[in-house]
2 protein chains.
Amino acid sequence: MKLYSSSISGNSYKARLLLSQLGIPCTIVAVDILKGESRTPEFLKINPNGRTPALDDDGFVLAESNAILAYLARGTRFLPDDRRRWALAFQWMFFEQYSHEPYIATSRFLLQHRPDSPERAAALTARREGGWAALKVMEGHLSKNDFFVGDYTIADIALFAYTHVSHEGGFPLDDFPKIRAWLERVKSQPGFIKM
Amino acid sequence: MKLYSSSISGNSYKARLLLSQLGIPCTIVAVDILKGESRTPEFLKINPNGRTPALDDDGFVLAESNAILAYLARGTRFLPDDRRRWALAFQWMFFEQYSHEPYIATSRFLLQHRPDSPERAAALTARREGGWAALKVMEGHLSKNDFFVGDYTIADIALFAYTHVSHEGGFPLDDFPKIRAWLERVKSQPGFIKM
C-alpha cells in the first residue's frame, strides 16, 4: 500500500489517519503541492485530476480522499454495514466535500500559503458565509449526537480533517462547543495520529 | 418513497433518473429553490443543510444527491460489488461534486437564473478554468472507456446530470467528442428519462 500524500493537506491526512487506525502499513510518498508536484506529467499519470491524496494498492490506483476512506473502511467498523447508516456516512462525506471543504479548507490554504492581496481578500470574503453555515449544520447535528453516524466512522474522519484546524482558515470554534467536544472525542480514538 | 426535488436541479434529476431505471415508485415533492423553498424552517427540518434533493424512505431522510444514488443502488447492478469498481464509482462521484459541479452546474445556474451584473460576470470567469479542466479529465477517461466504471453505473448518472446541459453553463462540448458519444450511450439506457 502506497499513499501519495501532501503533508499540508487535510484530505491526505484523512487517509493517513484511517490507515493508522486500521493498522495497515503504508509507504507515504510525499507530494509537495506548493511546488506543483501534483501537476507534473508524472503525477497526472497517477491521478489525471492532479490532486492528492492518491492510493496505490498493489497497482490499483484510487483518488478522492473520501473514496479512499470508503475503500479502506469497507467491511470494517469504520463504515457501518446497516444500509441507512452506511448511506448517512456517505451523506456526511459528500457534505464535507461540497459544503465544508471548499470554504474552510480553501480559506486555510489561502491564509497559510498565499500572500495577502486584494484577490486573496476577496476570495476569503466569498468563503465566509459558506464556512459558518457548514459549522452551524455540524453544531446542530452534534447537539443531539456524539458522532456523525452512530459510533465513530469515516464520516467523522472526513469532517475532522479540516474542522480541527478551521481556526487556521479564519473560522475559530469559540461559538461551537458541541464541535469542540466532538473534536476531543475523535482525538481520543485508538490509533489517532496528529496531522 | 418520497423525493424532495427541484425541477431545475441536475442533482435532483440524478435521483429521479435512477428511481426510473430501478422501477421504484416515488412521490415527487416539488421544491422551488428560486423561491427559497429549500431554506424555509419547514424544509430545514428535513435537510438542515437547506439543499435538494432529499429522499424520505418511510421516515428515513437522506440528503446529498450522490449519497441518495448510492443508497438506492446498493445491491443492484448500478453500484458494482467488486471492491475496486465499487471504490471507483465513489471516486467519480466525489470528483463530480468537488471538481465538476461547482464549476459547470453553478455557471449554468448563474446564466439561467441570475441577471447579468459585474458580480455574475466575475463569478462566471472564476469558474471557467475548473469547468474545462473537469471536462478534459472526463474526455481523457472516456477515450479509453465506454463508461466511467465498467458498465453503466451511478458514476455515469452523477456525471451525466450536469454534463449533458453543460452548454447552458457556457461549456459547449464541441471539442469533447468522447463525452458526446458517452452522453448518447447514457441516453440509450433502459428506463432513461429526460431532466
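A polar contact is a pair of N or O atoms within 3.5 Å; within protein, one atom must be able to donate a hydrogen and the other to accept it. The views below show a predicted model.

**View 1. A:Thr153 makes a polar contact with the backbone of A:Ala155.** A polar atom of the A:Thr153 side chain lies 3.1 Å from the backbone nitrogen of A:Ala155. A:Thr153 sits in a loop of chain A. That loop runs between α6 (128–142) and α7 (154–163). Is A:Thr153 buried or exposed? A:Thr153 counts as buried, because its relative accessibility is 1% and buried means under 20%. Set aside the neighbours within four places in sequence. A:Thr153 is then in contact with A:Phe78 and A:Pro80.

**View 2. B:Thr153 stands at the start of helix α6(B).** Here a side-chain oxygen of B:Thr153 reaches toward the backbone nitrogen of B:Ala155. The oxygen comes to within 3.1 Å of that nitrogen. The helix that starts here spans residues 154–163 of chain B.

**View 3. Helix α6(B) is mostly covered.** How many of its residues are buried? The count is 10 of 10. Among them are B:Ile154, B:Asp156, B:Phe160 and B:Tyr162. B:Thr163 is also on the list of buried residues. Which helices do these buried residues pack against? In chain B they meet α1 (10–22), α3 (65–73) and α4 (83–113). They also pack against α5 and α7 (177–187) of chain B.

**View 4. B:Ala134 is buried in helix α5 of chain B**. Helix α5 covers residues 118–142 of chain B. B:Ala134 has a relative accessible area of 2%. That value is why B:Ala134 counts as buried. What does B:Ala134 touch, leaving aside its neighbours within four places in sequence? Its contacts are B:Phe95, B:Ser99 and B:His100. For a sense of distance, take B:Ile68. B:Ala134 and B:Ile68 are 66 residues apart in sequence. In space they are 23 Å apart, C-alpha to C-alpha.

**View 5. The largest nonpolar core has 105 residues**. Six residues have the most contacts inside this core. In chain A they are A:Phe90, A:Ile154 and A:Trp182. In chain B they are B:Phe90, B:Ile154 and B:Trp182. Helix α4(A) gives the largest share of the core, 11 residues. In soluble globular proteins, nonpolar side chains tend to be buried together.

**View 6. B:Phe90 touches residues of both chains**. Residues up to four places away in sequence are not counted here. From chain A, B:Phe90 touches A:Ala67, A:Trp86 and A:Phe90. From chain B, B:Phe90 touches B:Ala70 and B:Leu79.

**View 7. Chain A meets chain B.** On each side, 35 residues are in contact with the other chain. The area buried between the two chains is about 3,400 Å². Carbon and sulfur atoms give 61% of that area. Which residues of chain A lose the most area to chain B? They are A:Arg74, A:Phe94 and A:Tyr98. Together these three account for 25% of what the chain A side buries.

**View 8. A salt bridge joins A:Arg74 and B:Asp81**. Their closest N and O atoms are 3.8 Å apart. Across the interface of chain A and chain B there are two salt bridges. The count of residue pairs in polar contact between the chains is 16. Three elements of chain A each supply at least two residues to the side that touches chain B. These are β4 (60–63), α3 (65–73) and α4 (83–113). Helix α4(A) gives the largest share, 16 residues. By class, this side of chain A has 20 nonpolar, six polar and nine charged residues.

**View 9. Three salt bridges each lie within one chain**. The whole structure holds 12 salt bridges over all chains. In chain A, A:Asp32 pairs with A:Lys35 at 4.0 Å, N to O. A:Asp32 is partly exposed, because its relative accessibility is 28%. A:Lys35 is exposed at 67%. In chain B, B:Lys35 and B:Asp32 also meet at 4.0 Å. B:Lys35 is exposed at 66%, and B:Asp32 is partly exposed at 27%. A:Arg120 and A:Asp116 form another salt bridge, 3.7 Å from N to O. A:Arg120 counts as buried at 14%, whereas A:Asp116 is exposed at 62%.

How values were computed: Residues are numbered from 1 along each chain as its sequence is written. Chains are lettered from A and ligands numbered from 1 in the order in which they are written. This is a predicted model: local features need pLDDT of at least 70, side-chain atom pairs count only at pLDDT 80 or more; totals for chains, interfaces and linings use all residues. Side-chain values use heavy atoms; hydrogens and water are left out. Contact means heavy atoms within 4.5 Å. Buried area is the accessible area (1.4 Å probe) that two parts lose on being put together, summed over both. A salt bridge is a side-chain nitrogen of Lys or Arg within 4 Å of a carboxyl oxygen of Asp or Glu. Helices (H or I, at least four residues) and strands (E, at least two) are DSSP runs, numbered from the N terminus. Ala, Val, Leu, Ile, Met, Phe, Trp, Tyr, Cys and Pro count as nonpolar, Asp, Glu, Lys and Arg as charged, and the others, Gly among them, as polar. Buried means under 20% relative accessible area, exposed over 50%, partly exposed in between (1.4 Å probe, protein chains only). A nonpolar core is a set of buried Ala, Val, Leu, Ile, Met, Phe, Trp, Tyr and Cys residues joined through side-chain atoms within 4.5 Å.
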